[in-house]
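The following paragraphs lead the reader through a single protein chain. The discussion begins with aromatic rings and then turns to the overall form, to selected residues and to confidence.

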Amino acid sequence: MQFLIYNLLSFLILFFLFFFKDKICTKLKLIDYPNDESVHKEKALLFGGIFLISSLCLNVIILILTDKFHSNFFNFFLVFSFFLIALIDDIKNLNPNLRMILSIIICLIGVSIDSELKIDSLYFFYNNSIYLNNNFFFNFIFSILCILLFLNAFNFIDGINGLASTVGLSFFLYLIMKNPLIFSFYYLFIISIIFFLFLNIKYKVFLGDSGNYLISISIAVILLKENSYQPSLYYAEEIFLLLLIPGLDMLRLFIVRIMNKSNPFKGDQNHLHHRLFNKLGNLKTILIYLFIINLPVYIFFISQNFLYSLIFISVIFYFILLKYTS
């Protein structure tokens, strides 16, 4: 009964946040005005980060009040630090280089104060476990690199209505399928992402960098913590497959931008999802993106015998889509 009351109160708080979304975004200057490179043609509210951080805080408060909280799924320092950086970016449009420097500093502090974020073992399907205890490169540099690559690859997904939210939900779905306990700790946050999809389509509100980073850092923390507690739960190949398409698109864009002598962290409209959107529209783009990201990892989950074939086919299909949308 107590648990139900807390949840009802939480939903009421989130409803009031939604009701006052225009005033909140106007006060904080969280308004995205369209420009020549924008997919949308009307101003939109960057309300996603505020809405989702509120739901995550309420989620954690409920778990604490009901004695169900476990720190092995959370890292407040990383989550709130990245949220604040991204929120400032939404308001002030931070220089990409400054944002990257701040991200590296936050990761270094976060990994230093929470040993569960250090990668001290990797579990491969073909080679079993590789233990890396007291290896500075993997414990710090590789761990930080994984966090930053994941956040930037996921951030590259954002750009059209509903894509980052649905991809984030699909990642959560896969994590929950491997460990159902995750839903018990993130249920209100996940429900809020689902509800945000409705807001995104119906009321012209966007995730913004703050919402995007919040989803991605939460997933990154779960993966790193799970690797610390249950290193055999996720094969390294699974994570690679899950991030193959976003990572490949990020790598391509970095190379193209560097060759064009532009900042590799500065956004443009050359992402795969932008090209698909211009060719096929919003809904088909989301469906195709979900298909190429999720199908390989689910096939691997069912049968691990097709790993190299799945990687090869995914890469080929990615370049076919690029050719189709050129």
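Rings of Phe, Tyr and Trp, the last represented by its six-membered ring, are taken as a pair if their centres lie within 6.5 Å. In this predicted model, the structure holds 27 aromatic pairs. One of them joins Phe18 and Phe195, whose ring centres are 6.2 Å apart. Their planes meet at 80°, and because an angle over 60 degrees counts as edge-to-face, the pair belongs to that class. The two partners come from distant parts of the chain: Phe18 belongs to helix H1 (residues 2-19) and Phe195 to helix H8 (residues 181-202), with their positions 177 residues apart in sequence. How do the two partners stand with respect to burial? Phe18 has a relative accessible area of 14% and is therefore buried, whereas Phe195, at 35%, is partly exposed.

Ring pairs also build a cluster, which links Phe69, Phe74, Phe76, Phe80, Phe172, Tyr186 and Phe189. Aromatic faces meet charged groups as well. The charged end of Lys68 is placed over the ring of Phe3, at 4.2 Å from the ring centre. Lys279 is found over the face of Tyr324, 5.2 Å from the centre of that ring.

The wider architecture comprises 14 helices and 4 strands. For a chain of 326 residues, a compact globule would be expected to have a radius of gyration near 20 Å; the value for this chain is 19 Å, so the two agree. Along the principal axes, the C-alpha atoms fill a box of roughly 55 × 55 × 35 Å. Of the 326 residues, 52% count as buried. Among contacts with a separation of 6 or more, 73% are made by residues 24 or more positions apart. The exposed surface of the chain amounts to about 15700 Å², and carbon and sulfur atoms contribute 69% of that area.

Helix H9 (residues 208-229) offers two residues for closer inspection, one of which is Lys225. Is this lysine buried or exposed? Its relative accessible area is 2%, and because the limit for burial is under 20%, Lys225 is buried. With residues up to four places away in sequence set aside, Lys225 touches Ser71, Asn72, Phe74, Asn75, Asp114, Glu116 and Leu117. Phe74 is thus both a contact of Lys225 and a member of the aromatic cluster.

Ile217 also lies in helix H9, and at 0% relative accessibility it counts as buried. Beyond its neighbours within four places in sequence, Ile217 is in contact with Leu78, Val79, Phe82, Ile147 and Leu151. Leu65, by contrast, is 152 residues from Ile217 along the chain, and the C-alpha atoms of the two are separated by 24 Å.

Met1 presents another setting, in the segment before H1. Its relative accessibility is 75%, and because exposed means over 50%, Met1 counts as exposed. Between the C-alpha atoms of Met1 and Ala164, which are 163 residues apart in sequence, the distance is 35 Å.

A final consideration is the confidence of the prediction. The chain has a mean pLDDT of 86, and 93% of its residues reach 70 or more. Among its elements, helix H3 (residues 48-65) has the highest mean pLDDT, 93, while strand S4 (residues 128-131) has the lowest, 65.

Methods. Residues are numbered from 1 along each chain as its sequence is written. This is a predicted model: local features need pLDDT of at least 70, side-chain atom pairs count only at pLDDT 80 or more; totals for chains, interfaces and linings use all residues. Side-chain values use heavy atoms; hydrogens and water are left out. Buried means under 20% relative accessible area, exposed over 50%, partly exposed in between (1.4 Å probe, protein chains only). Contact means heavy atoms within 4.5 Å. Rings of Phe, Tyr and Trp (its six-membered ring) pair if their centres lie within 6.5 Å; planes under 30 degrees apart count as stacked, over 60 as edge-to-face and the rest as tilted. A charge sits over a ring if NZ of Lys or CZ of Arg is within 6 Å of the ring centre and within 35 degrees of the ring normal. The radius of gyration is taken over C-alpha atoms; the globule rule is 2.2 Å times the number of residues to the power 0.38. Accessible areas come from the Shrake-Rupley method with a 1.4 Å probe; for residues, only the protein chains shown count as cover. pLDDT is the predictor's confidence in each residue, from 0 to 100.
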